[in-house]
Amino acid sequence: MAKIVAAYGLPHTPFYPSQVIEEGPSSPTGQMFARARESLIAAKPDVIVEFDTDHYNTFFFDNFPILAIGIDEKFKGPIDEPRGGMPVYDVPSDPKLAEYLHMHTVRAGYDVASLREFVADHSLMVPLHFVNPDMKIPVIPVFISGHLPPLPPAQRCYDFGREIRKALEVYPEDLRVAIIGTGSFSLEVFGPRIDPGKTDAVPDPEWGHEVCDHIDAGDIKGLIAKATEDRMHAAGNVGGELLNWIAMFAFTEGHKPEFLLRQMEQGHGYGGWRLD
Amino acid sequence: MSVNAINRLCREVLRDHVFRAAMKDNPAKAIEPYGLTPDERKALLAGDVAALHHMGVNDFMMGYLARFGSCGLSVPLYNERIRSVPH
């Protein structure tokens, strides 16, 4: 049977790879990603399942699924020119497991799109750049629409995560699986609420702290109750990326985080759970 | 819906370096194939991102116009204009 060995919540700020090169691994961002990387390596996963919100590169406005799973031998990313010359990777995947997860979740009542021959942007790739050693661990992308209204309800995303967890727990192969949910809690990108002179802003750091307080307390039910579409959008035009963390929380139920590091001046945090 | 054409055009600025250069050098000619309405065309060529925002163009996509200097935009100019939208 597959075993869930670890779960992580991570940001995907596009300039972090170049910033960590410039400022060095001892920079705050370098250290926080290093913490996640060390934990993930120690957990020895055979495959990573990552919940992500595409930023209009894998999908577009003419065809934008609420939920989707990438099914292929490999995929390329990032394809959206993140700053600083971040490498474009060929990421191995596990199409057999991805197809199994797709079939299981659709049969359980979730309308999940499947995609093949796909590409990914920085939102999926920045966390992997930092935590997936040499990009060798296969990755299955699971997309949740977290920007474009209407957003799926937080409870639906949590239940979807739980359905994937149930499917993994009866998967008839001995695989060690790590989960990543990526996104910000409060962030406005190129919208009217950006800070003077900048391309982004953190409109509601208090909400970010509230999210982290719920995580620290293990109160995911309380967080889900508060994380309405209006509340997440009030925290910024990409505040719905919290849904990727909420799907990830379906795997951490009953476990204290190994670490939870707040970087609220950037509107996000770094969380890690060892589950084995 | 030509609002979606503007979103698509913004994505082409990111993906197609020839189009990106054309949007800097001669945007009026570059946007001809996109079938925009006169108001959309006027707002886009003026770099009026506040007007485009009100028309329903996606902010994230318009960011590529600022990032790559299309239609006379720069990050400071984009910033000033998008922040003029009431919020």
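In the predicted model, helix α2 (residues 28-43) of chain A lies across the strands β1 (3-10), β8 (176-182), β11 and β12 (268-274) of chain A. The direction of α2(A) runs at about 20 degrees to that of β12(A). Helix α3(A) also packs on the sheet, where it touches β2 (47-52), β3, β6 and β7 (139-144) of chain A. With the direction of β3(A), that of α3(A) makes an angle of about 155 degrees.

The sheet of chain A is open and consists of 8 strands in the order β6-β3-β7-β2-β8-β1-β12-β11, with mixed pairing. Its edges are formed by β6 (113-115) and β11 (259-263) of chain A, each of which pairs on one side only. On average, and with direction ignored, neighbouring strands of this sheet are turned by 15 degrees against each other.

Several of the strand pairs can be described at the level of bridges. Strands β1(A) and β8(A) are paired in the parallel sense over 7 bridges, and in this region K3(A) stands opposite R176(A) of β8(A). Strand β2(A) is likewise joined to β8(A), by 5 bridges and in parallel; here F51(A) has G181(A) of β8(A) as its bridge partner. Strand β8(A) is largely enclosed by the rest of the structure, because 6 of its 7 residues are buried. Towards the edge strand β6(A), β3(A) and β6(A) run parallel and are joined by 3 bridges. Within this pair, A68(A) is bridged to A113(A) of β6(A).

Residue I69(A) belongs to strand β3 (residues 67-70) of chain A. It counts as buried because 24 other C-beta atoms lie within 10 Å, against a threshold of 20 or more. Residues up to four places away in sequence aside, I69(A) touches A98(A), L101(A), H102(A), V112(A), S114(A), I140(A) and V142(A). Of the elements concerned, α3 of chain A covers residues 95-107, β6 of chain A covers 113-115 and β7 of chain A covers 139-144. By contrast, R37(A), 32 residues from I69(A) along the chain, has its C-alpha atom 24 Å from that of I69(A).

Helix α3 (residues 95-107) of chain A also packs against helix α5 (residues 154-169) of chain A, at an angle of about 120 degrees and with the axes 9 Å apart. This angle makes α3(A) oblique to α5(A), since it falls outside both the perpendicular range of 65 to 115 degrees and the antiparallel range of over 145. The crossing of α3(A) past α5(A) is right-handed. On the α3(A) side the contact is made by Y100(A), L101(A), H104(A) and T105(A), and on the α5(A) side by F160(A), E163(A), I164(A) and A167(A). By class, this contact has 5 nonpolar, 2 polar and 1 charged residues. L101(A) is named in the helix contact and also among the residues touched by I69(A).

The loops of chain A contain several backbone features. A cis peptide bond, with omega about 0 degrees, joins G77(A) and P78(A); P78(A) lies in the loop between β4 (74-77) and β5 (89-92) of chain A. The peptide bond from P149(A) to P150(A) is also cis, with omega near 0 degrees, and P150(A) is located in the loop that connects β7 and α5 of chain A.

Positive phi values occur at Y56(A), where phi is near 70 degrees, and at E117(A), where phi is about 50 degrees; neither Y56(A) nor E117(A) is a glycine. Y56(A) is found in the loop between β2 and β3 of chain A, and E117(A) in the loop between β6 and α4 (122-131) of chain A. The two residues fall into opposite burial classes: Y56(A) is buried because it has 21 C-beta neighbours inside 10 Å, whereas E117(A) is exposed because it has 10.

Between the chains, 16 residues of chain B are in contact with 17 residues of chain A. On the side of chain B that touches chain A, the elements giving two or more residues are α1 (2-15), α6 (59-67) and α7 (75-82) of chain B. The largest share of that side, 5 residues, comes from α6(B). By class, the side of chain B that touches chain A has 8 nonpolar, 5 polar and 3 charged residues.

Methods. Residues are numbered from 1 along each chain as its sequence is written. Chains are lettered from A and ligands numbered from 1 in the order in which they are written. This is a predicted model: local features need pLDDT of at least 70, side-chain atom pairs count only at pLDDT 80 or more; totals for chains, interfaces and linings use all residues. Helices (H or I, at least four residues) and strands (E, at least two) are DSSP runs, numbered from the N terminus. A residue is buried if 20 or more other C-beta atoms lie within 10 Å of its own, exposed if 12 or fewer, and partly exposed in between; C-beta atoms are placed from the backbone. Two residues are in contact if their C-beta atoms, placed from the backbone, lie within 7 Å. Ala, Val, Leu, Ile, Met, Phe, Trp, Tyr, Cys and Pro count as nonpolar, Asp, Glu, Lys and Arg as charged, and the others, Gly among them, as polar. Axes are lines fitted to C-alpha atoms, for helices over the stretch in contact, and angles run from 0 to 180 degrees between N-to-C directions. Angles under 35 degrees count as roughly parallel, over 145 as roughly antiparallel, 65 to 115 as roughly perpendicular and the rest as oblique. A crossing is left-handed if the near helix is turned anticlockwise from the far one by less than a right angle, and right-handed if clockwise. Two strands pair if DSSP finds at least two bridges between them.
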